[in-house]
Number of protein chains: 2
Amino acid sequence: MQTHVGGTVCVVAGGLGFIGSNLVRRLVDGGAHVRVIDALVPTHGGDKRNLDGVDADVVVAGIGDPVAAEVVADAQLIFNLAGQVSHTASMIDPVTDLTLNALDHAQFLETVRRVNPAARIVHASTRQVYGRPERLPVDENTPVSPVDVNGVAKLAGEQLHLVYCRAYSMATTSLRLSNVYGPRQRLSRDDLGFLPVWFRKVLRGETLEIFGDGSQRRDCLHVDDVLDALLASTADAAVGRMYNVGHCRDHSLAEIAQMMVAVSGSASEIRFVEWPADHERIDIGSFKMDSECIVAELGWKARVPLSEGIRDTVTFYGDHPWYQSST
Amino acid sequence: MQTHVGGTVCVVAGGLGFIGSNLVRRLVDGGAHVRVIDALVPTHGGDKRNLDGVDADVVVAGIGDPVAAEVVADAQLIFNLAGQVSHTASMIDPVTDLTLNALDHAQFLETVRRVNPAARIVHASTRQVYGRPERLPVDENTPVSPVDVNGVAKLAGEQLHLVYCRAYSMATTSLRLSNVYGPRQRLSRDDLGFLPVWFRKVLRGETLEIFGDGSQRRDCLHVDDVLDALLASTADAAVGRMYNVGHCRDHSLAEIAQMMVAVSGSASEIRFVEWPADHERIDIGSFKMDSECIVAELGWKARVPLSEGIRDTVTFYGDHPWYQSST
């Protein structure tokens, strides 16, 4: 997917995190001048080492901080990937999740409106806004019904971006991302999604634990496909739009676990365990995204098959062992 | 509509405001012990005089304040009507709107979960969450698409209530209310909806200004009908549900203005004026609620015809002239 960023000034909010740091690398490789603003909240996915050797300006601050005005002032493209992603953490501290995923974004949008209202803004939302779907696959007309505070807060953050387009003609887009995996994801925590936990266990030869019977399904998206979607969303046709971004192929959790073990040649065993209460109360059942809208309108399509993505990811973490133990 | 509240302890959050104070009166008349918690934010609709002569305990505090724990500790019924209603104010200060309509509600729900998780909670949401509808009437399966920060924040507040039901089995319900009018609404401000502004002008014989050509339609709901809906929503069948609550009959803005002038016998003229920018940018076009779901499930139905509701309202404000000038 070709999107020319050479010579542009790009801001990546949350650019020290998982998706953000991969995007920064892609933008720098494409010839962009990249500025990162990232709060480096200790329990989140951000780590300065994610940008080791990369020529980007990094400001360690929240997007709601006044310094954000300097960061965005002359940017053409702003990728807003800042936020908190942990579903369980959002239930332990709802106010912090709402602050990081909604309030700070309102502050950020006000800042951009004040200093650089013509900037192109692409925001990362999540399939979590749909909650437990009544039928699959889930398209953009499906009523939202989040099952946890994280889904509520991310929905608010997404809708704020769309409000700023409608009310002020700012060029915003928001993408509801499926389960994303790949290089530079924090593996060492248990509350940032099941995929990084499983990668850590596979790499260490530890037992993979599947909650329930493993029949639940997910469509998993390699981060390279997400980068393509983020860049495709800078097109004029995407202004004011919200798109689902998922993989066209879904798998059961048991299949995903088996594939991880097989592809990596790990000694890990797979065990089916009872749901822990803090996960079960916010479980969404099976999920599969219908991403036909962004396919039709922007020509984006997930390209990385799961087995290939797992291989790439395992290789990366094998070459960068610190990810397994970073705190 | 019969709902027995005699002898129960009821909390009305926002109970000094428009809908809240009418509800407090209804509950007290029904024999309930009523506690009010209301922040009395100066620019909102709350006023201590709304409860003049009413036997209710009043705590002046925000619902996010620690004192809320004492207020709700032994309540059977909690009506959560606290919040900010001004659409234009939400665009001037998004962070405050998100705080009052979402964050404080997260804090409040955490408080109730901690001290009184078995309480029945009914929350007031708004049709504003739908934004500018693609087709009418609008039922609950219509995708949300708020046009202003107030709609975003109210949606978050509503969804938080539903999350606390799904995750913690708390008995919550949220109602998306249409345009509500009636006694005890603050008339003196211009940013709390068009209906109170028009009532003020009709009472003073001033010119009613309609933005645009007056063909936009609204379904207007007398506050007595809202009280019926709030009480009906304490039924077991309503737990975990979100309902639209609107009038089955809609009218054009021109018709509503003409009806107000005719019913009140006012000398007011009606003038069509250009949209002010701060209203036009968040305008939603015509709106009509489909409330069939609450009709079918709870047996609630709007009963007050608009002409009768206007007559009642004009009579009330004629008898209570301070509403026209209170700041």
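Where in chain A is the place of Pro137(A)? In this predicted model, Pro137(A) sits in the loop between β5 and α5 (149-168) of chain A, and the legends below begin with that loop.

**View 1. The cis peptide bonds before Pro137(A) and Pro137(B).** In chain A, the peptide bond leading from Leu136(A) to Pro137(A) is cis, with omega near -10 degrees. In chain B, Leu136(B) and Pro137(B) are likewise joined by a cis peptide bond, for which omega is about -10 degrees, and Pro137(B) is found in the loop between β5 (120-126) and α5 of chain B.

**View 2. The two copies and the contact between them.** A turn of 180 degrees, with a shift of 0.0 Å along the axis, lays chain B on chain A with an RMSD of 0.0 Å; the two copies are thus related as by a two-fold rotation axis. The C-alpha of chain B nearest this axis belongs to Pro143(B), at 2.6 Å from it. Both copies use the same surface, since 100% of the contact residues of chain B recur in chain A. Chain B brings 27 residues to the contact, and chain A brings 27 residues. On the side of chain B that touches chain A, the elements giving two or more residues are α4 (94-115) and α5 (149-168) of chain B, and α5(B) provides the largest share, 10 residues. Sorted by class, this side of chain B holds 20 nonpolar, 3 polar and 4 charged residues.

**View 3. The open sheet of chain A.** Seen along its order, β3-β2-β1-β4-β5-β6-β11, this sheet of 7 strands in chain A has parallel pairing. Its edge strands, each of which pairs on one side only, are β3 (57-60) and β11 (242-245) of chain A, and from one strand to the next the twist averages 20 degrees. Helix α7 (residues 223-232) of chain A packs on the sheet, where it touches β4 (77-80), β5 (120-126), β6 (171-177) and β11 of chain A, and its direction makes about 155 degrees with that of β6(A).

**View 4. Two strand pairs within the sheet of chain A.** Strands of a sheet pair through backbone hydrogen bonds, either parallel or antiparallel. Strand β1 (residues 9-13) and strand β2 (residues 33-38) of chain A pair in the parallel sense over 5 bridges, and Val12(A) stands opposite Val36(A) in β2(A). The parallel pairing of β5(A) with β6(A) runs over 7 bridges, with Val122(A) opposite Thr173(A) in β6(A). Strand β6(A) is mostly covered, 6 of its 7 residues being buried.

**View 5. The nonpolar core around Phe79(B).** In soluble globular proteins, nonpolar side chains tend to be buried together. The largest nonpolar core here has 189 residues, and those with the most contacts inside it are Phe79(A) and Phe79(B). When residues up to four places away in sequence are not counted, Phe79(B) touches Cys10(B), Val11(B), Val12(B), Ala13(B), Leu23(B), Val122(B) and Leu230(B).

**View 6. Helix α6 (residues 194-204) of chain A and its packing partners.** This helix is mostly covered, with 9 of its 11 residues buried; among them are Phe194(A), Trp198(A), Phe199(A) and also the charged Arg200(A) and Lys201(A). The buried residues of α6(A) pack against β7 (179-181), β8 (208-211), β10 (220-222), α8 (253-264) and α11 (306-319) of chain A. After α6(A) comes Gly205(A), whose phi is positive, near 70 degrees.

**View 7. Positive phi at Arg184(A) and Ser169(A).** Arg184(A), in the loop between β7 and α6 of chain A, is a residue other than glycine with a positive phi, near 75 degrees. Arg184(A) counts as buried because 25 C-beta neighbours lie inside 10 Å, where 20 or more are needed. Ser169(A), in the loop between α5 and β6 of chain A, also has a positive phi without being glycine, near 55 degrees. With 13 other C-beta atoms within 10 Å, Ser169(A) is partly exposed.

**View 8. Gly30(B) and Ser325(B) in chain B.** Gly30(B) is placed in the loop between α1 (18-29) and β2 (33-38) of chain B and is partly exposed, with 17 other C-beta atoms within 10 Å. Leaving aside neighbours within four places in sequence, Gly30(B) is in contact with Val5(B) and Gly6(B). Ser325(B) lies in the segment after α11 (306-319) of chain B and is exposed, with 10 other C-beta atoms within 10 Å. Ser325(B) and Arg200(B), 125 residues apart in sequence, are 9.0 Å apart in space, C-alpha to C-alpha.

Definitions and conventions:
Residues are numbered from 1 along each chain as its sequence is written. Chains are lettered from A and ligands numbered from 1 in the order in which they are written. This is a predicted model: local features need pLDDT of at least 70, side-chain atom pairs count only at pLDDT 80 or more; totals for chains, interfaces and linings use all residues. Two residues are in contact if their C-beta atoms, placed from the backbone, lie within 7 Å. Helices (H or I, at least four residues) and strands (E, at least two) are DSSP runs, numbered from the N terminus. Two strands pair if DSSP finds at least two bridges between them. Axes are lines fitted to C-alpha atoms, for helices over the stretch in contact, and angles run from 0 to 180 degrees between N-to-C directions. A residue is buried if 20 or more other C-beta atoms lie within 10 Å of its own, exposed if 12 or fewer, and partly exposed in between; C-beta atoms are placed from the backbone. A nonpolar core is a set of buried Ala, Val, Leu, Ile, Met, Phe, Trp, Tyr and Cys residues joined through C-beta atoms within 7 Å. Copies are superposed by least squares on the C-alpha atoms of residues with pLDDT of at least 70 in both.
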